[in-house]
Amino acid sequence: MINILENKLVIKSIHTVIIVVLSIIAYRMIVYILKKSEQKSKFSLFTSNKGKTYLNLLISTIRSIFIVVTILVILQTNGINVSSVLAGVGVLGVVFGLAIQDWLKDIIRGSSIISDNYFEVGNIVKYKDIEGKVLVIGLKTTKIKELKTGNVIAIANRNILEVQVVSNLIYIKIPMPYELPVVKAEKVVDEIINMIKNNNHVNDCKYKGVTDLAASYIEYFIEVDCKPEYKLQVRRDALRSILIGMENNKIEVPYTQIDIHNK
């Protein structure tokens, strides 16, 4: 009797392993075909960031379907009536709904990201103090690669309202001393702008005018256009160009001074 039970247990275990292996193979084959089709496709719908976003979401959906179907097949193979299980889920629907409400929120938010075109794969976004490039938009999470560290971070889609799409513009203030005439200062700013335009990853640079009359200097405002993933380096290079431009024109960087008078 024990041998018969053991044999049945072994057979069920083997069947379970076979089902899991076949499911994994089928899933990976489908993903492979989809990715190969994307690589060979010449249509902009598939090669654009939006197309990649849809593809990642489709793969995430297929994975979830495979997991659910595989579990149901394993239960049926092991003698568990799947229909009864599903009926039981219907009876316990309220409890089940409460248990998975965050999961449902993630799926709904994930779908709205696509439908509302909030952001796409390849966009640079900011979440709290983290700026990163969107790698994958899934049903439950959005994965971004942090620009500073290269770390991959998963954000639950229910928190997507906290995510900001990063602009491709950088705004920089150039301080000039009051002693320097405005016309001369703006000529120096033009020289600096030409230097910045020659830096790597810079698309354009424009002078926007005087932005503030500070206590010790006048602030001249410039706008730098670049790809968001290069903003940190572009800002560093732009600040270096500002210092070089001011040095070439023998202009000292203004700073706040405190005058002390003794009686």
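Reader: Which residues does I172 touch, leaving out those up to four places away in sequence?
Author: In this predicted model, I172 touches Y220, F221, I222, V224, R235, A238, L239 and I242.

Reader: Where does I172 lie, and is I172 buried or exposed?
Author: I172 lies in strand β6. I172 has a relative accessible area of 3%, and the cut-off for buried is under 20%, so I172 counts as buried.

Reader: How far apart are I172 and Y220?
Author: They are 48 residues apart in sequence. In space the distance is 8.4 Å, C-alpha to C-alpha.

Reader: OK, the sheet. What is the strand order?
Author: The order is β6-β8-β7, an open sheet of three strands with antiparallel pairing. β6 (169-176) and β7 (202-213) are the edge strands, and each of them pairs on one side only. From one strand to the next, the twist averages 25°.

Reader: How many bridges join β6 to β8?
Author: Eight, with β8 covering residues 218-226. As one point along that pairing, K173 stands opposite F221 in β8.

Reader: Which helices pack on the sheet?
Author: Helix α7 (residues 182-197) does, touching β6, β7 and β8. The direction of α7 makes about 155° with that of β7. Helix α8 (residues 231-248) also packs on the sheet and touches β6, β7 and β8. The direction of α8 makes about 20° with that of β6.

Reader: And the largest nonpolar core, how many residues has it?
Author: It has 23 residues. Those with the most contacts inside this core are I174, M176, I192, I196, I222 and V224. The elements that give two or more residues to the core are β6, α7, β7, β8 and α8.

Reader: Which element gives the largest share?
Author: α7 does, with six residues.

Reader: What does I174 touch?
Author: Leaving aside residues up to four places away in sequence, I174 touches V189, I192, I218, E219, Y220, I222 and I242.

Reader: What about a second core?
Author: A separate core of 10 residues includes V125, Y127, I155 and V163.

Reader: V125, then. What is the bridge partner of V125 in β2?
Author: The partner is G132. β1 (residues 124-127) and β2 (residues 130-137) pair in the antiparallel sense over four bridges. The two strands form a hairpin with two residues between them, and K128 in the turn has a positive phi of about 60°.

Reader: What stands opposite G132 in β3?
Author: E146 does. β3 (residues 141-146) runs antiparallel to β2, and five bridges join the two. The hairpin from β2 to β3 goes through three residues.

Reader: Switching to N157. Where is the place of N157?
Author: N157 is in the loop between β4 (152-156) and β5 (163-165).

Reader: Buried or exposed?
Author: N157 counts as buried, because its relative accessibility is 0%.

Reader: What does the side chain of N157 make a polar contact with?
Author: With the side chain of T142, at 2.8 Å.

Reader: Overall numbers for the chain. How many helices and strands?
Author: Eight helices and eight strands. The chain has 263 residues, and 30% of them count as buried. About 17,300 Å² is exposed, with carbon and sulfur atoms supplying 59% of that area.

Reader: And which share of contacts joins residues at least 24 apart?
Author: Among contacts between residues at least 6 apart in sequence, 60% join residues at least 24 apart.

Note on methods
Residues are numbered from 1 along each chain as its sequence is written. This is a predicted model: local features need pLDDT of at least 70, side-chain atom pairs count only at pLDDT 80 or more; totals for chains, interfaces and linings use all residues. Side-chain values use heavy atoms; hydrogens and water are left out. Buried means under 20% relative accessible area, exposed over 50%, partly exposed in between (1.4 Å probe, protein chains only). Contact means heavy atoms within 4.5 Å. Accessible areas come from the Shrake-Rupley method with a 1.4 Å probe; for residues, only the protein chains shown count as cover. Two strands pair if DSSP finds at least two bridges between them. Axes are lines fitted to C-alpha atoms, for helices over the stretch in contact, and angles run from 0 to 180 degrees between N-to-C directions. A polar contact is a pair of N or O atoms within 3.5 Å; within protein, one must be able to donate a hydrogen and the other to accept it, and residues adjacent in sequence count only if both atoms are side-chain atoms. A nonpolar core is a set of buried Ala, Val, Leu, Ile, Met, Phe, Trp, Tyr and Cys residues joined through side-chain atoms within 4.5 Å.
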